[in-house]
Amino acid sequence: MTFVHLAKTIMPAVYCQADEGWIQEQLLRFSPSARHRIVALYADVYQQAWDSEPVSFRQENRARHEANTRLRRFVTHHAQAAAGLTEKPPLSKAQAQRGVADGLVGNSGQEVAEGMLDGR
């Protein structure tokens with residue numbers, strides 16, 4: 001038997017109870033201040049999808065699908081950046097071949113700027 005302990009976090013105003021654990025798991029990847037905005041947007045998407053579905057027995061499924069899809073995409077694209085796990089972009093092939101990266105190490109900003117102007 002696996003016991004999953006999720007810390008209680010702020011939850012959207014409207015959501016399906018079956019999704020509570022998954023939503024909390026996704027929200028815990030963000031800072032507490034970011035969670036407030038995320039849950040507000042989740043609730044808005046959920047409610048809009050619910051209201052846009054004319055067939056009553058399909059409302060919950062459509063709302064869950066729309067809100068959870070958007071949350072999943074948001075987490076996929078932004079969770080690492082929110083945690084500070086970003087990297088500097090790789091050097092272009094031209095920079096790597098010319099050795100610009102090696103020339104930048106240990107130089108002052110002025111020397112780097114002059115080197116760029118001189119083509120070094």
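**Entry 1: getting my bearings**

Helices, as I count them here, are DSSP runs of H or I with at least four residues, strands are runs of E with at least two, and both are numbered from the N terminus. With that settled, I looked up the totals: the protein has six helices and zero strands. Along the sequence I read the pattern α-α-α-α-α-α. I remind myself that this is a predicted model. I also checked burial, and 27% of the 120 residues of the protein count as buried. Then I turned to contacts with a separation of 6 or more, where residues 24 or more positions apart account for 48%.

**Entry 2: the nonpolar core**

Which residues of the largest nonpolar core touch the most other members? I found Ile-23, Tyr-42, Tyr-46 and Leu-71, out of 17 residues in that core. Helix 1 (20-27), helix 2 (32-52) and helix 3 (59-82) each supply at least two residues of this core. Helix 2 gives the most, with six residues.

I picked Leu-71 for a look at its neighbours. Leaving out residues up to four places away in sequence, Leu-71 touches Trp-22, Ile-23, Gln-26, Ile-38 and Tyr-42.

**Entry 3: helix 2 against helix 3**

A reminder to myself before this one: two packed helices are described by the angle between their axes and the distance between the axes. For helix 2 and helix 3 I noted an angle of about 145 degrees, with the axes 8 Å apart. Their crossing is right-handed.

Who makes the contact? From helix 2 I listed Ile-38, Tyr-42, Val-45, Tyr-46, Ala-49, Trp-50 and Ser-52. The helix 3 side includes Ala-63, Ala-67, Leu-71 and Phe-74, along with charged or polar names such as Arg-64 and Asn-68. By class, I see ten nonpolar, three polar and five charged residues in this contact.

**Entry 4: one side of helix 1**

Which residues of helix 1 are buried? They are Glu-20, Ile-23, Gln-24, Gln-26 and Leu-27. These residues cover an arc of only 160 degrees around the axis, so they lie on the same side of helix 1. A general point helps me here: an α-helix has 3.6 residues a turn, so residues three or four places apart point the same way. I then looked for what covers the buried residues of helix 1, and found helix 2 and helix 3 among the elements that do.

**Entry 5: three single residues**

Is Glu-53 buried or exposed? I first located Glu-53 in the loop between helix 2 and helix 3. Its relative accessibility is 10%, so Glu-53 counts as buried, the cut-off being under 20%. Not counting residues up to four places away in sequence, Glu-53 touches Arg-58, Gln-59 and Arg-62.

Next came Ala-18, which sits in the segment before helix 1. Ala-18 counts as exposed because its relative accessibility is 62%, and exposed means over 50%. I also paired Ala-18 with Arg-64: they are 46 residues apart in sequence and 9.8 Å apart in space, C-alpha to C-alpha.

Last on my list was Gln-48, placed in helix 2. Gln-48 is exposed, with a relative accessible area of 55%. Between the C-alpha atoms of Gln-48 and Arg-62 I noted 9.9 Å, for 14 residues along the chain.

Notes:
Residues are numbered from 1 along each chain as its sequence is written. This is a predicted model: local features need pLDDT of at least 70, side-chain atom pairs count only at pLDDT 80 or more; totals for chains, interfaces and linings use all residues. Side-chain values use heavy atoms; hydrogens and water are left out. A nonpolar core is a set of buried Ala, Val, Leu, Ile, Met, Phe, Trp, Tyr and Cys residues joined through side-chain atoms within 4.5 Å. Buried means under 20% relative accessible area, exposed over 50%, partly exposed in between (1.4 Å probe, protein chains only). Contact means heavy atoms within 4.5 Å. Axes are lines fitted to C-alpha atoms, for helices over the stretch in contact, and angles run from 0 to 180 degrees between N-to-C directions. A crossing is left-handed if the near helix is turned anticlockwise from the far one by less than a right angle, and right-handed if clockwise. The arc is that of the directions from the helix axis to the C-beta atoms.
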